[in-house]
Amino acid sequence: MNTSTLSNATKIRSAPEGMAARTQAGVSLPVKVLEPSAIALNLIEVEHVTATRDKMNSRAIPRVVIVGAGFGGLNAAKTLANAPVQITVIDRKNFHTFQPLLYQVATAGLSPGEIAAPIRSILRSHKNIEVLMAEVSGFDLDRRTVMTPDANVPYDYLIVAAGATHSYFGRDDWEPYTPGLKTIEDALEIRRRVLLAFELAERQAAAGEGAAQLNFVIVGGGPTGVELAGTLSEIARYALAHDFRSIDPARTHILLLEGGPRVLPAYAEDLSRSAQEQLNHLGVEVRTSTMVTQIEPGAVYAGSTRLPATVILWAAGVAASPLGKKLGVPGDRAGRVFVQPDLSVPGHPEVFVIGDLAALKDEHGKMLPGVAPVAIQEGRFVAKLIRKDMGAPPLSRSSRQGGDFDSRPPFHYWDKGSLATIGRAAAVAQFGRIHISGYIAWLSWLFVHILFLIGFQNRLLVFIQWAWSYVTYERGARLITGSTYLPGWHTEQNVSATTPKPGAQEIHTAPPK
């Protein structure tokens, strides 16, 4: 078939330079031919318009910046995951730590990886969440930016959940001699010192220099102090009982010092008594109403009384993250930020502070405790407020300045109970008016902590490790890493050759029977 004879055929014929003629059905139509440079310019223009449109669309999506990937920050991020927002989670670490089990790492019961998980793996299924590993250096609330060393991160909503650290009540010079327990690094340092003390004592005894009396002193009778004291006693009496040839680990003396009249002061009095009885049963000496006045290498002073200490552990106080002060808003003596009933910062309803960093009283006038359940509930509450605000008009300047948001409900903490473990089959539990001690409380503690541990693999590993430890008394992570220096070791051994401080009375504590 000769297609050239078709009436609807299109033909291209010659034309002046820069023009082409198209013939269709006997009609000649001039067609302008673009130069390659013109085509490139048009493509650039189209790309520029498309990029501008995409940028405008991205700006239309509110950005929520969350500082801190602890319990509060992670729960806020997860609750906002399906909302029409872009979420940026900023944390100086790349992992989330399950802090209630840090003492298990410190006492060689668990490895760090069993109580921690990478933040990115926790949030990777949520496409609207990005994670930045960075150190926040400050905030500009007026310009709505979070400052980091590399860049300023803009936000429409800000959630600050930076947590807390240990406080030495103005005596930061004590920190090198008595580590606290707030991070994985703290736990590993405590584990190093505890295990190293036994090794140094064994080496000294094997060299014929006599067996040193090991004294472990824990300052602070709250949940962390009680957990450390009870578990250290179990390690000395059971886990290490048959591992040394020149020393008897069971003769290790564990001393718990509490400045108040009773241990676990946040619990009911009957549970405090029960906790002290269970500690005594484990061989722990408990001294209440004992204020520590000085700490030095190898010794703790309670007034004029000198208490020899091979290892000193600090569990006496906490302070809010320094980021609280960088918000430039009022706070309390511990550095916590005074927040509105909806957890927003006065004058900035788009800025929220949650967790250990927030200072808020409940309906009974009591300050909310710095525990994981409070942070979890606050994180979810704030996320729901932001989701609700998404359907409301943008915040007016007057509402931002006044901090009034009458449509927002106040935060209400639902206290589901408190648990504290003391040792093997020893714990206390308080569920409202229901108070439980001993084995049942311990089982409740196990169930709750495994349930809230992030990641199925971690739950399984911890469950298996605890089951094995319960049957065999073994501690599976007895590794000494880092330095082999123990503050005060030589000072303690030569204490009899030194001159005591004027008026100081040295007390040599006897090993438990």
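This passage describes a surface charge patch, a buried polar contact and two backbone sites in a predicted model.

On the surface, a patch of positive charge is formed by K78, R380, K384 and K416. Of these residues, K416 lies in the loop that connects α10 (397–402) with β26 (418–423). The relative accessibility of K416 is 52%, and this residue is therefore classed as exposed, the cut-off for that class being over 50%.

A contrasting environment is found at S344, which belongs to strand β23 (residues 344–345). The relative accessible area of S344 is 0%, so this residue is buried. The side chain of S344 is engaged in a polar contact with the side chain of D342, at 2.7 Å.

Backbone geometry was also examined at two loop positions. Most residues other than glycine have a negative phi. At A108, by contrast, phi is positive, with a value near 70 degrees. This alanine is located in the loop between α3 (102–106) and β7 (116–118). A108 is buried, because its relative accessible area is 1% and the class of buried residues covers values under 20%.

A positive phi is likewise present at L264, where the angle is near 45 degrees and the residue is not glycine. L264 is situated in the loop that runs between β15 (253–257) and α7 (269–281). With a relative accessible area of 0%, L264 is buried. Thus A108 and L264 each combine a positive phi with a loop location, in A108 between α3 and β7 and in L264 between β15 and α7.

Terms used: Residues numbered from 1 in each chain as written. Predicted model: local features only at pLDDT ≥ 70, side-chain atom pairs only at ≥ 80, totals over all residues. Heavy atoms only, no water. Patch = residues over 30% accessible without salt bridge, like charges linked within 9 Å, V, L, I, M, F, W, Y side chains within 5 Å. Areas by Shrake-Rupley, 256 points an atom, 1.4 Å probe, with all protein chains shown as cover. Salt bridge = Lys/Arg side-chain N within 4 Å of Asp/Glu carboxyl O. Lys, Arg positive; Asp, Glu negative; His and termini not counted. Charge placed at Lys NZ, Arg CZ, Asp CG, Glu CD. Helix = DSSP H or I, 4+ residues; strand = E, 2+ residues; numbered from the N terminus. Buried < 20%, exposed > 50% of the residue type's maximum accessible area, 1.4 Å probe, protein only. Polar contact = N/O pair within 3.5 Å; in protein donor to acceptor, adjacent residues only side chain to side chain.
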